[in-house]
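Q: I have a structure open and would like to go through it piece by piece. Could we begin with a single side-chain contact and work outwards from there?

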Amino acid sequence: MLRRRHEQEHRTDIIVHDNHEDDNRKSSRGDRWCKCASPERNGSSTRSKGIPIAAAIVLVVCGSLLLLRERIRLPQGGELQPNRSTRPGSAKRGLNVAVAVLFTTGPKINYTLSPGAVDGAAVLLRSMEKVRSSDDSQYHIEYLAMITPEVDTRWIPVVEQLGYKARRVKVPIQTNEIRNSALARAIDEDGRLGTNEMAKIEPFLFTEYDRVLVLDSDLMFHRNFDELFLTNPADNSIALQWTEGYHPMEHMNGGFFIIHPKSVDAAKHYNAILDILRKGDYRTKVRGNIGKPSVITAGSVQGMIGWGGTGYGTTFGGRTMQGLLPYYFLHLLNGTASAPLDRCRYNNMQQTQRCKAYSPDQITSNHFTGYCKKPWKCFAATTTYDEMILAEREPEISTICRSFQDAWWEEWSKLSKEFARGSRCRSFVSQEMFNSV
């Protein structure tokens with residue numbers, strides 16, 4: 001599909017080039033017409049007699065027509081159309097938006113890029129292209145691979161061949177900048193990526209885009225998602241749209257959110273979040289229970305543990321981005337600069353009663369996490385695909401999960417055939433591509 005779009009764009013470039021040649025021929029005729037109508041060709045002298053009013057009018061009309069010809073194109077059918085030289089992302093293409101996936105490493109994955117995640121990102125992109133609107137007049141979309149510095153550069157041509165635009169991004173903070181040394185040590189054990197996960201907030205600075213949808217690679221889209229970009233917030237102060245996670249204390253999920261880089265205080269929010277992490281006011285001891293393990297429940301943690309002792313950030317990944325975003329936007333800003341999205345529709349994990357009630361045709365995108373495992377987990381030597389599915393905790397979850405898993409494998413099979421690489425549950429497409437670089 002991506003190759004077809006590229007070929008279409010190439011054909012469009014050829015058409016534009018041919019029309020410019022036609023314009024040059026028309027220009028020569030127009031220039032001759034204007035020249036014949038000039039005062040000099042009629043024997044008048046502008047220095048001695050002045051320009052006659054009629055000749056001046058002809059010159060003005062002639063110049064206007066030449067300028068107009070540069071702005072519009074008149075095809076054989078006679079219908080006026082805009083010049084096709086409009087660049088992607090300009091006003092004539094509507095909003096300029098991006099889908100951004102982080103490609104990084106971390107302490108729990110041996111500081112190597114996971115080929116399963118790369119295959120997942122390739123399927124994610126193809127699923128979005130399959131269901132999104134083909135009309136580029138409302139928004140122009142780019143798929144960004146945000147690649148942190150330590151990732152092997154041989155992965156860059158791989159992700160580009162898979163359809164992403166590679167963009168190197170910095171990790172905005174290192175553990176040695178965090179004043180709370182206990183927190184700095186714990187971050188390497190909380191989540192999978194350590195402080196590298198904070199690179200997900202870099203799109204606050206991507207001011208060339210109106211919206212940036214930040215996604216984990218283990219998502220898949222099943223329905224059109226245009227409204228995510230075309231539905232405008234109430235005002236320009238909205239900097240973040242988000243979904244909840246599966247746990248009652250996971251106030252925001254770090255795998256699906258939309259950043260508005262052009263909102264009024266986007267850069268201010270970015271710096272404020274990093275400052276909170278540097279100060280490191282993250283509390284781990286329950287008051288009155290010093291030295292003993294904390295039991296985390298929805299009703300017992302507020303004012304005791306988490307960021308600022310508020311209870312925010314007490315679940316998986318909560319010491320970094322997944323806890324910092326809700327602490328900042330929901331607690332410190334009281335929700336004034338952010339807006340929620342329906343997690344059952346856009347980030348369905350099948351882990352709440354309400355989300356379980358959604359049928360597959362009501363779900364725009366699902367997230368392979370929690371109960372519904374990542375499809376590529378079958379690559380583990382001890383787990384087959386069927387065993388993984390049958391291990392799900394509830395039958396109704398397994399039924400919906402299998403429909404998503406099957407859809408993922410269908411797209412992956414197309415990917416495997418396209419690149420003539422990969423073998424289901426045996427080898428990754430991206431890993432074989434990487435090995436050949």
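A: Certainly. This is a predicted model, and a polar contact of 2.9 Å joins the side chains of Thr105 and Glu150.

Q: Where does Thr105 sit?

A: Thr105 belongs to the loop that runs between strand E3 (95–103) and helix H3 (115–131).

Q: Is Thr105 buried or exposed there?

A: Thr105 has a relative accessibility of 2%, so it counts as buried.

Q: Let us follow H3, then. At what angle does it cross H13?

A: The axes of H3 and helix H13 (residues 429–436) cross at roughly 110° and come within 7 Å. That makes H3 roughly perpendicular to H13.

Q: Which residues make that contact?

A: On the H3 side they are Pro115, Val118 and Asp119, and on the H13 side they are Val429, Ser430 and Gln431. By class, the contact of H3 with H13 has three nonpolar, two polar and one charged residues.

Q: What about the loop leading into H13? Where is Ser427?

A: Ser427 is in the loop between helix H12 (395–419) and H13. Its relative accessible area is 18%, and the cut-off for buried is under 20%, so Ser427 is buried. The side chain of Ser427 also makes a polar contact of 2.8 Å with the side chain of Glu432.

Q: And Ala420, which lies in that loop: buried or exposed?

A: Ala420 is exposed, with a relative accessible area of 68%. Its backbone deserves a remark as well: Ala420 has a positive phi of about 55° although it is not a glycine. As general background, most residues other than glycine have a negative phi.

Q: Which residue just after H8 takes a positive phi?

A: That is Asn334, with a phi of about 55°. Asn334 lies in the loop between H8 and E12, and at 63% relative accessibility it counts as exposed.

Q: How many residues of H8 itself are buried?

A: Of the 12 residues of helix H8 (residues 321–332), 10 are buried, so the helix is largely enclosed by the rest of the structure. The buried residues are Met321, Gln322, Gly323, Leu324, Leu325, Pro326, Tyr327, Tyr328, Phe329 and Leu330.

Q: What covers them?

A: The cover includes strands E8 (240–242), E9 (256–259), E11 (306–307) and E12 (338–340), together with helix H7 (266–279).

Q: Changing topic to the nonpolar interior: which residues have the most contacts inside the largest core?

A: Leu213 and Phe221 do, in a nonpolar core of 56 residues. Leaving aside neighbours within four places in sequence, Leu213 is in contact with Ala98, Val99, Ala100, Met128, Phe221, Leu228, Phe229, Phe256, Phe257 and Ile258. Apart from that core lies another, of 42 residues, with Met146, Phe204, Ala266 and Tyr282 among them.

Q: I also noted Leu230. Which residues does it touch?

A: Not counting residues up to four places away in sequence, Leu230 touches Leu95, Gln138 and Tyr139. Leu230 is found in helix H6 (residues 227–230), and with 27% relative accessibility it counts as partly exposed.

Q: How far apart are the C-alpha atoms of Leu230 and Gln138?

A: They are separated by 7.7 Å, while the two residues are 92 residues apart along the chain.

Q: And the cysteines: what separates the C-alpha atoms of Cys378 and Cys425?

A: The C-alpha atoms of Cys378 and Cys425 are 5.5 Å from each other, with the residues 47 apart along the chain. Cys378 is in the loop between strand E13 (365–367) and helix H11 (385–390), and it is buried, with a relative accessible area of 3%.

Q: To finish, how many helices and strands does the protein have?

A: The protein has 13 helices and 13 strands. Of its 437 residues, 46% are buried.

Q: And what share of the contacts between residues at least 6 apart in sequence join residues at least 24 apart?

A: That share is 66% for the protein.

Methods
Residues numbered from 1 in each chain as written. Predicted model: local features only at pLDDT ≥ 70, side-chain atom pairs only at ≥ 80, totals over all residues. Heavy atoms only, no water. Buried < 20%, exposed > 50% of the residue type's maximum accessible area, 1.4 Å probe, protein only. Helix = DSSP H or I, 4+ residues; strand = E, 2+ residues; numbered from the N terminus. Contact = heavy atoms within 4.5 Å. Core = buried A, V, L, I, M, F, W, Y, C linked by side-chain atoms within 4.5 Å. Polar contact = N/O pair within 3.5 Å; in protein donor to acceptor, adjacent residues only side chain to side chain. Axes fitted to C-alpha atoms, helices over the stretch in contact; angles between N-to-C directions. Parallel < 35°, antiparallel > 145°, perpendicular 65-115°, else oblique. Nonpolar A, V, L, I, M, F, W, Y, C, P; charged D, E, K, R; others polar.
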